[in-house]
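Here's a quick walk through one chain, meant for someone who likes to poke at coordinates. Have a look at the model first, then read on.

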Amino acid sequence: MEARPNKSEELFLSLGYNRFYDLYDEIMEDNFWEKENSYRFGKVSSIFAVYSELLSYEPFKHVLEAIKIQRPPMESEIGGPLFKFVRNILAHFPVFETWDEVWVSKELVNWQKEGLTIDRFLKKYAGHGEVKYRFWEEDKKRMTYMNIRFPEEYGNNKIHLKDMIEEKDGVKFSLIMMRQILNTQVESVGENA
């Protein structure tokens, strides 16, 4: 059996983790949320892309499976499929400039081919009840409560990303969860983590 990570994986993981932690540190700062909408959108799009690519590292499949068993309901689905759904919308529909502008519909999602990742996600989770979360920011001594809402229906109606995940609190929650998942594969943490 090949040792994990191999040399190529180690190179990719090192670059990916470094970029993730750099973006994480910037986005979690209060002053980040005072910057231009389009600047924030670019950084948030980047961190979702980095996270999604890191999730392709095979051990994360096992982490997400363990979360299904050991953590509250829907946490694995949020940490895997939902975040990948967001990343795919941002990557495959690069026509929006801010978080609040982003929307999809069944017609838009399937413009090329039906049954791809975004379509499958919406078919599976449309109509699912909202999921309530809270997160603690230790350095700010602040507890934040937020909800993740799934669209009531998936058809030709516009499904706005902001209605599913609020920009500021939703993104911060997402990053905290992403970091917890990514940290399961960190053997030693340097000064960036």
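What follows covers confidence, layout, the core and a couple of individual residues.

## How far to trust it

Keep in mind that this is a predicted model. The chain's average pLDDT is 85, and 83% of the residues reach at least 70. Confidence bottoms out in helix α3, residues 59–70, where the mean is 59. At the other end of the scale sits strand β4, residues 159–160, with 98.

Then there's the stretch 188–193, where pLDDT drops below 50. Beyond near neighbours in sequence, that stretch makes six contacts in the model. Low pLDDT means the predicted coordinates shouldn't be read in detail.

## Layout

You're looking at eight helices and four strands. Reading from the N terminus, the order is α-α-α-α-β-α-α-β-β-β-α-α.

Of the 193 residues, 45% are buried. Take the contacts between residues at least 6 apart in sequence, and 70% of them link residues at least 24 apart. As for the outside, the chain exposes about 11000 Å², with carbon and sulfur atoms supplying 49% of that.

## The main nonpolar core

The largest nonpolar core has 54 residues, and the members touching the most other members are F20, I27, F48, F85, W99 and L122. Elements giving two or more residues to this core include the helices α1 (7–27), α2 (37–54), α4 (75–92) and α6 (117–125). Strands β2 (131–137) and β3 (142–148) are on that list too, as are α7 (161–164) and α8 (167–182). Helix α8 puts in the largest share, at eight residues.

Who does L122 touch, once residues up to four places away in sequence are not counted? Its partners are F85, V104, V109, P151, Y154 and I159. F85 is itself among the core members with the most contacts to other members.

## A buried threonine

T98 sits in the loop between α4 and β1 (103–104). Is T98 buried or exposed? Its relative accessible area is 14%, under the 20% cut-off, so T98 counts as buried. Setting aside neighbours within four places in sequence, T98 is in contact with N37, S38 and F41.

## A nonpolar patch on the surface

W136, M143 and Y145 together make a nonpolar surface patch of about 350 Å². M143 belongs to strand β3. With a relative accessible area of 34%, M143 falls between the 20% and 50% cut-offs, so M143 is classed as partly exposed.

Key: Residues are numbered from 1 along each chain as its sequence is written. This is a predicted model: local features need pLDDT of at least 70, side-chain atom pairs count only at pLDDT 80 or more; totals for chains, interfaces and linings use all residues. Side-chain values use heavy atoms; hydrogens and water are left out. A nonpolar core is a set of buried Ala, Val, Leu, Ile, Met, Phe, Trp, Tyr and Cys residues joined through side-chain atoms within 4.5 Å. Buried means under 20% relative accessible area, exposed over 50%, partly exposed in between (1.4 Å probe, protein chains only). Contact means heavy atoms within 4.5 Å. Patches are made of residues with over 30% relative accessible area and no salt bridge: like charges are joined within 9 Å, nonpolar side chains (Val, Leu, Ile, Met, Phe, Trp, Tyr) within 5 Å. Accessible areas come from the Shrake-Rupley method with a 1.4 Å probe; for residues, only the protein chains shown count as cover. A salt bridge is a side-chain nitrogen of Lys or Arg within 4 Å of a carboxyl oxygen of Asp or Glu. pLDDT is the predictor's confidence in each residue, from 0 to 100.
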